[in-house]
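Here is a short note to read beside the model. Keep the sequence and the 3D view open as you go.

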Amino acid sequence: MNNTLDTLRKEYEEVPIPEELGFVVDRAIKQSLKVRRNKSVKTKWFAGVGAAALIFLVTINTSPAVANALSTIPGVDRIIKVLTLKEFVVDESNYNANIKVPAITNLDNKALELGLNEKYLKENKALYDKFQAEIKDMKKQGKGNLGLDAGYEVKTDTDEILSIERYVVEIEASSSEEIKLDTIDKKNQVLITLPMLFKDERYIQLISDNIKQQMRAEMKADPDKVYWIPGTANILPTDEFNTIKEDQSFYINKDGKLVIVFNKYDVAPGYMGVAEFVIPTEAIVDDLAGHNYIK
């Protein structure tokens, strides 16, 4: 297995990269390799499931009947598919969980495919284990209700771009929601990061300034909307949104526009939920590394 992963990694590193991209950060495969080298986090379960997952994905790729039997997402390109690899379910009177694990198939870059799929499997197995531990403690105390809904959505699927969102909604006394996103260049078979879209770090301030403008406009148009930006009443300075993170969550939509995403409670009260802001290209055009992705 290690030899296979090393071979795939070498193949990935030899994939030609367009000059205007500057550099490519493949966090997924690096994280996967790091996990494999760290014996303290390596388990027999994950090694076994990892091997089973590879066999399962090979079966999908080589058997149209199997692929058609699985729940594919409507609209996903026939060449590169997103499938439900596994589903963890808990269905008890006070405890309910539904966790769907996505898997990307038919990438030519098998190192990238393997790295992302192992990441998705590990993330969701960790969610399931955490949920089981929590309900065990709650049962001992003889109280509580707990719910968990985790899954995925294809945000964009064009000839150039595949953007996948993974969401986690936890419900106890209140609810929390967290999302993660991966955006893939389907033609060059690389994982796109936010920094690689720009010439330098000026994008952080350019995007942040535009988002604050959008927030102010939304609050002016709708008094029920509240964002934690400077000038908002009753907001502590420590809670104010000033700038995005260097690696802020994002995706590229079907129109080639950059969409910045914040989790619930990141920049607004909980009732506002997850917040998305489409960034006008003219606001960032001077700092774009190129126009392959952002139109």
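The points below go from the whole chain to single residues.

1. **What you are looking at.** This is a predicted model. The chain has seven helices and nine strands. It is 295 residues in length, and buried residues make up 46% of them. The exposed surface comes to about 15,600 Å². Carbon and sulfur atoms supply 51% of that surface.

2. **Contacts along the chain.** Take the contacts with a separation of 6 or more. Residues 24 or more positions apart account for 61% of these. Keep that figure in mind for the pairs below.

3. **The sheet.** Start with the six strands that form an open sheet. Their order is 1-2-3-4-5-6, and the pairing is mixed. Strand 1 (81-91) and strand 6 (190-192) are the edge strands, since each pairs on one side only. From one strand to the next, the twist averages 25°.

4. **One pair of strands up close.** Look at strand 4 (residues 161-171) and strand 5 (residues 175-185). In which sense do they pair, parallel or antiparallel? The sense is antiparallel, and the pairing runs over eleven bridges. To find your place, pick V169: it stands opposite E177 in strand 5.

5. **The helix across the sheet.** Helix 5 (residues 110-141) lies across strand 1, strand 2 (95-105), strand 3 (146-157), strand 4, strand 5 and strand 6. Helix 5 runs at about 175° to strand 2.

6. **A salt bridge inside helix 5.** The count of salt bridges comes to 18. One of them joins K110 and E113, with the closest N and O atoms 3.3 Å apart. Both residues lie in helix 5. They are three residues apart, about one turn of the helix. Are the two partners buried or partly exposed? K110 has 29% relative accessibility, so it counts as partly exposed. E113 has 6%, so it counts as buried. The cut-off for buried is under 20%.

7. **A salt bridge between two strands.** K155 and E276 also meet through their side chains, at 3.3 Å from N to O. K155 lies in strand 3 and E276 in strand 9 (residues 275-279), so this pair ties together parts that are 121 residues apart in sequence. K155 is partly exposed, because its relative accessible area is 24%. E276 is partly exposed too, at 33% relative accessibility.

8. **A salt bridge with a buried acid.** R202 and D287 form a salt bridge, and their closest N and O atoms are 3.1 Å apart. D287 lies in the segment after helix 7 (281-284), while R202 is in helix 6 (residues 202-221), so the link joins parts 85 residues apart in sequence. D287 counts as buried, at 0% relative accessibility. R202 is partly exposed, with a relative accessible area of 44%.

9. **A network.** Some salt bridges share partners. K119, E123, R166, K180 and D182 are linked in a network of salt bridges.

10. **Helix 6: does the length make sense, and what does it pack on?** Why does its span agree with the expected one? At 1.5 Å a residue, the 20 residues of helix 6 should span 28 Å, and the end C-alpha atoms are 29 Å apart, so the two agree. Its buried residues include Y203, I204, I207, M215 and M219. The buried residues of helix 6 pack against strand 8 (258-262), strand 9 and helix 7.

11. **I284, a residue to click on.** I284 lies in helix 7. At 0% relative accessibility, I284 counts as buried. Which residues does I284 touch, beyond those up to four places away in sequence? They are F198, L206, I207, L258, I279 and I294. Take I207: it is 77 residues from I284 in sequence, yet the C-alpha atoms are 7.0 Å apart in space.

12. **S249, a loop residue.** S249 sits in the loop between helix 6 and strand 7 (250-252). S249 counts as partly exposed, because its relative accessibility is 25%. Leaving aside neighbours within four places in sequence, S249 is in contact with I179, L181, V259, I260 and V261. S249 and E165 are 84 residues apart in sequence and 10.0 Å apart in space, C-alpha to C-alpha.

Note on methods
Residues numbered from 1 in each chain as written. Predicted model: local features only at pLDDT ≥ 70, side-chain atom pairs only at ≥ 80, totals over all residues. Heavy atoms only, no water. Pairing = 2+ DSSP bridges. Helix = DSSP H or I, 4+ residues; strand = E, 2+ residues; numbered from the N terminus. Axes fitted to C-alpha atoms, helices over the stretch in contact; angles between N-to-C directions. Contact = heavy atoms within 4.5 Å. Buried < 20%, exposed > 50% of the residue type's maximum accessible area, 1.4 Å probe, protein only. Areas by Shrake-Rupley, 256 points an atom, 1.4 Å probe, with all protein chains shown as cover. Salt bridge = Lys/Arg side-chain N within 4 Å of Asp/Glu carboxyl O. Expected span 1.5 Å × (residues − 1).
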